[in-house]
Amino acid sequence: MTEAKSELPEVIVVGRPTIFKFYDEELSKKFRMLKSWESSLSLENYICKHAQSVKAMLCSPKYIGSQISSSVFRLLPSLRLIVTTSTGLDHIDLVECRRRGISIASASTLFSEDVADFAVGLLIDVVRRISAADRFVKNGLWPLQGQFPLGSKVGSRKVGIVGLGSIGLKVAQRLEAFGCTISYQSRNKKLVSYPFYPDIYELATKCDVLVICCALTDQTHHLINKEILLALGKRGVVINIARGAIINEMELVQCLEQGEIAGVGLDVFENEPNVPKELISLDNVVLTRHIATFTEDSIRAIYELVCGNLEALFFNKPLITPLLD
Amino acid sequence: MENIGVLMACPMSSYLEQELDKRFKLFRFWNVPQKNGFLIQHADSIRAVVGNAFAGADAELINSLPKLEIVSSFSVGLDKIDLNKCKEKGIRVTNTPDVLTEDVADLAIGLMLAVLRRICECDRYVRKGLWKSGDFKLTSKFSGKSVGIIGLGRIGLAIAKRAEAFGCPISYYTRSEKPNTNYKYYPTVVELASNCQILVVACALTPETRHIVNREVMEALGSNGILINIGRGPHVDEKELVSALLEGRLGGAGLDVFENEPEVPEQLFGLENVVLLPHVGSGTEETRKAMADLVLGNLEAHFLNKPLLTPVV
């Protein structure tokens, strides 16, 4: 039993990937998973004790503590591949990986449909007050209070997509069917018919909805701040399904409290799982706990992709979703 | 036209109320303490009734208004108006089609996403401070799910157009197959329900379509199926719906309408796979104003002997 197990390729697990909640048994049949989260040791100490010779790392941004960088890499001289269960890469020091020749395989565009669907769901909810109305009915207020406040029309919205990658493009295509006008800001102009604005401030002046679909990098940290929100205007709605830190959360809260924008739908926050308490008491916000990728289909798909990428390394095959420079 | 009496059946729009007050002699039926006495006193001056989805003009009301010439509904649905009686007496009837089509279709999709992706439930979870306590359950993907539409009129088609943008295959049921569409037709509602994952009610309420979604249909839709109702409460056998949901024979529901509004079965309040809305299908500032303008436009056209804008009868 022990002999068979020691033949399984070893993988150090950093953070706490959701796939272990649903596919733990299947994963342990294929790999010897060294689950650092189960130990009370610090990550570095755990690696020194159990994982020094591993060639592969599996990581998730979930419960990760700090960015995976030199302090970890120098303890893993044989590390050749990091497989992350996310599309986002801000939890990995990409420069260090490149320097050390460590390959990265990500979720790539696997979650794009589910995340785009969720962004649209959040937008319709904010603009048509769906969650607030559901609360109204379930609290027994309809017979008592009668009229529920009116929302606003989805199709009248001028939507600005911030980052027109795989997710942003799918959001745009979906919202077009509702009659929304679409424009976008991105690092580079894309081959699409939507108007392009290289400057986010200009995009904000032309729109009344911003959907944040870009990666978190040094350049996009706090990209959405008070100046942008004021430019968006009093009817403005912001939807964030990307990373919390792209928005200056404190300034967002201030703008909401002062009525400078009309509402927000947030699936991500600067300091998860903490949500600013000021938001909890607002009726014009929809708050979800980073679940945009959390469907049965997506979790199954990422489990299969993770296995595929790890097996590619161990059986000397090409990675399925390598990060290319 | 200030001497023309207009009876408004119930509160529906303060803008409409104000405008009717300015242009006509407005009677607010809901403020009347004793309806019989009121009618005896004022019936002769009332030449128009403005109703909506909650209250319209039934045979009793029509019979008590001998000078009634036109019923202008602040809705597209006509189930609260005795159309036969109106035809019989030569009373004109107008409604508010087209202007609310998009809002209702938007809400149908919003409900599908809210139910399948548990958006409202998750928002509730966050507000209760439960994020730190552990994981949320896995939810269901929306893109690519098959959508079955009961009724392929303006609203049904608008729902189909939106769902197609999510890659959803579309099928439908209507009394007879529609000629100019590529969507798959099923000749019965049970067959439609057996072959789709999300069933949407988008037809008119008539005596024939009452309880069109019954126990058999719900069982055909099944424990993974979702029911969305943006039509009228009586389209669905509500008692059966409640037990199907409580017993897990139906996967979930998004409901904007109920058999006896504003009453909603309390057994549904605690269900995380159910989203309940207080009949807000057309509930946006833009659309309610457009609807009100149509009501006003129809009334003016009638009293100025011009062609009605959106006549039904």
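Phe178(A) is tucked away in this predicted model: with a relative accessibility of 1%, Phe178(A) counts as buried. Its partner across the chain boundary, Phe166(B), is buried too, at 2% relative accessible area. The ring centres of Phe178(A) and Phe166(B) sit 6.4 Å apart and the planes meet at 85 degrees, so this pair is edge-to-face. On the A side, Phe178(A) belongs to the loop between helix 9 (166-176) and strand 7 (181-185), while Phe166(B) comes from the loop between helix 7 (154-164) and strand 7 (170-173) of chain B, so the pair joins two chains. These two rings also have company: Phe178(A), Phe142(B) and Phe166(B) make up one aromatic cluster.

Aromatic pairs turn up elsewhere as well, with 14 of them over all chains when the whole structure is searched. One of these is Phe31(A) with Phe314(A), a tilted pair with 6.2 Å from centre to centre and 40 degrees between the planes. This pair ties together distant parts of the chain, as 283 residues separate the two partners. Phe31(A) sits in the loop between helix 2 (19-30) and strand 2 (32-35) of chain A, and Phe314(A) is in helix 14 (residues 296-314) of chain A. The two partners fall into separate accessibility classes. Phe31(A) is buried, at a relative accessible area of 2%. Phe314(A), at 22%, counts as partly exposed, because the cut-off for buried is under 20%.

Rings in chain B also take part in another kind of arrangement, with a lysine over the face. Lys35(B) lies over Phe29(B), 4.8 Å from the ring centre. Likewise, Lys184(B) has its charged end over the ring of Tyr186(B), at 4.9 Å from the centre of that ring.

Away from the aromatics, Leu122(A) is worth a look. Leu122(A) is part of helix 6 (residues 112-128) of chain A and has 0% relative accessibility, so this leucine counts as buried. What does Leu122(A) touch, once neighbours within four places in sequence are left aside? Within chain A, the contacts are Ile239(A), Ile241(A), Gly265(A), Leu266(A), Asp267(A), Val286(A) and Thr288(A). From chain B, Ile119(B) is on the list. Among these contacts, Val286(A) is 164 residues away from Leu122(A) along the chain, yet the C-alpha atoms of the two are separated by 7.0 Å.

Definitions and conventions: Residues numbered from 1 in each chain as written. Chains lettered and ligands numbered in written order. Predicted model: local features only at pLDDT ≥ 70, side-chain atom pairs only at ≥ 80, totals over all residues. Heavy atoms only, no water. Helix = DSSP H or I, 4+ residues; strand = E, 2+ residues; numbered from the N terminus. Buried < 20%, exposed > 50% of the residue type's maximum accessible area, 1.4 Å probe, protein only. Contact = heavy atoms within 4.5 Å. Phe/Tyr/Trp six-rings, centres within 6.5 Å; stacked < 30°, edge-to-face > 60°. Lys NZ or Arg CZ within 6 Å of the ring centre and 35° of its normal.
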